[in-house]
Amino acid sequence: MNVEKGAEKINPNDIENLSETKNCILKDLYILLETGECLVPCVSLKDVSPELFSALLSAILKFSKEIKGDEVSGFTFKSEKICCIKKDGIITAARCSKHLPDNIIHAILDSILRIFLTEYGAYIPSWTGNLDIFNELKEDLKKILTSCDIRKLLETYRNIVNANEILVIEYSNGNCIYETKQSDVDAKQRKSLLSMMYSIAKKLCECFKVDSVELIVTRGKNKWICMSIFDKYILLSAFSHKLSKKSSYIVNLTDLVLKLLVLMMVNQSGGS
């Protein structure tokens, strides 16, 4: 990967403290190059700079690969852990409680990595060190990660993507977790239609030998709908025809928010 080493130094004054509320699920989040340059820092560790953390993490992953033949996917401290994943030369890493389930944390990091690669992957091979190009993602991630309860998370997401309506249900039983002001359509009918859409999509996946249903996107004359599925939950967002952000960004952000929501629910229930 042809990337200049002279990346702009990150200004500590631009780093917002994500631990203002102790209930924040992810305490730190980093997106970095495998060579160690930090691209997107959302951190709360005041005594460790993003540049130092990124360089150390990159070195640990390389050392692990040399010793074990494979890179570590995280490491655990007394009460916390750092999880990370890598793809196409980009690493996403997060600090969180050691009691949170690794599979959901890694699913969240995978969603963040997908957003980054979709929006910025084409620029990385010729990147010249300008961190400003990542500002939109950085600010949106900060807003989402500092939303420390389900209602605030969904309201923040709705504001970011400018959704007209949001509905979250548990598709196995139809329980409504969250919904905005109801439209003229009966709530039970909407839930039934959501479950039916999921069932049809699942049968199509089985027919074409696709592993699972994760996202369903539909577009009509006046509305645009994104439906994300994770674990046993569905997050449906409805938009006006004219989107405020790129459709790919909205779709991937919807996927990320649902996974964060599921992690919050697991955390509240004390599960692991």
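This section describes the overall make-up of the protein chain, the packing around helix α3, and several individual residues. The model is predicted.

The protein chain contains 6 helices and 10 strands. Of its 272 residues, 48% are classed as buried. Among contacts with a separation of 6 or more, 58% link residues that lie 24 or more positions apart. The chain exposes about 14100 Å², and carbon and sulfur atoms contribute 50% of this area.

Helix α3 was examined with respect to its helical neighbours. Two packed helices are described by the angle between their axes and by the distance between those axes. Helix α2, spanning residues 102-120, and helix α3, spanning residues 135-145, have axes that come within 11 Å and cross at roughly 160°. Because angles over 145 degrees count as roughly antiparallel, α2 is roughly antiparallel to α3. The crossing of α2 with α3 is right-handed. On the α2 side, the contact is formed by I112, I115, F116 and Y120, and on the α3 side by E136, L137 and L141. By residue class, this contact of α2 with α3 comprises 6 nonpolar residues, no polar residues and 1 charged residue.

The second helical partner is α6, which covers residues 247-269. The axes of α3 and α6 are 12 Å apart, and the helices pack at an angle of about 25°. Since angles under 35 degrees count as roughly parallel, α3 is roughly parallel to α6. The crossing of α3 and α6 is right-handed. Helix α3 contributes E136, L137, D140, L141, I144 and L145 to this contact, while α6 contributes Y249, L253, L256, V257 and L260. The residues of the contact of α3 with α6 divide into 9 nonpolar and 2 charged, with no polar residue. E136, L137 and L141 of α3 take part in the contact with α2, and E136, L137 and L141 are likewise listed in the contact with α6.

The burial of α3 was considered next. Within α3, the buried residues are L137, K138, D140, L141, K142, I144 and L145. The elements that cover these buried residues include the strands β1 (28-33) and β2 (38-42) as well as the helices α2, α4 and α6. Of the residues named as buried, L137 and L141 belong to the α3 side of the contact with α2. The α3 side of the contact with α6 includes L137, D140, L141, I144 and L145. K138, a residue of helix α3, has a relative accessible area of 12% and is therefore buried, the cut-off being under 20%. K138 and Y30 are separated by 108 residues in sequence, and their C-alpha atoms are 9.8 Å apart in space.

Helix α4, one of the elements covering α3, spans residues 150-161 and contains T156. With a relative accessible area of 14%, T156 is buried. Leaving aside residues up to four places away in sequence, T156 touches K143, I144 and S147. The C-alpha atoms of T156 and K143 are 6.9 Å apart, although the two residues are separated by 13 residues along the chain. I144, touched by T156, is listed among the buried residues of α3 and also takes part in the contact of α3 with α6.

A further buried residue is found in a strand. E165 lies in strand β6, which comprises residues 165-170. The relative accessibility of E165 is 17%, and E165 therefore counts as buried. The C-alpha atoms of E165 and S240 are separated by 9.7 Å, with the two residues 75 apart along the chain.

Backbone conformation was examined at two aspartates in loops between strands. D88 is situated in the loop between β4 (80-87) and β5 (90-97). The phi angle of D88 is near 55°, a positive value in a residue other than glycine. D88 has a relative accessible area of 55% and is exposed. D231 occupies the loop between β9 (223-230) and β10 (233-240). The phi angle of D231 is also positive, near 55°, in a residue other than glycine. D231 is partly exposed, with a relative accessible area of 48%. The two aspartates fall into separate accessibility classes because a residue must be over 50% to count as exposed.

Definitions and conventions: Residues numbered from 1 in each chain as written. Predicted model: local features only at pLDDT ≥ 70, side-chain atom pairs only at ≥ 80, totals over all residues. Heavy atoms only, no water. Axes fitted to C-alpha atoms, helices over the stretch in contact; angles between N-to-C directions. Helix = DSSP H or I, 4+ residues; strand = E, 2+ residues; numbered from the N terminus. Parallel < 35°, antiparallel > 145°, perpendicular 65-115°, else oblique. Left-handed = near helix turned anticlockwise from the far one by under 90°. Contact = heavy atoms within 4.5 Å. Nonpolar A, V, L, I, M, F, W, Y, C, P; charged D, E, K, R; others polar. Buried < 20%, exposed > 50% of the residue type's maximum accessible area, 1.4 Å probe, protein only. Areas by Shrake-Rupley, 256 points an atom, 1.4 Å probe, with all protein chains shown as cover.
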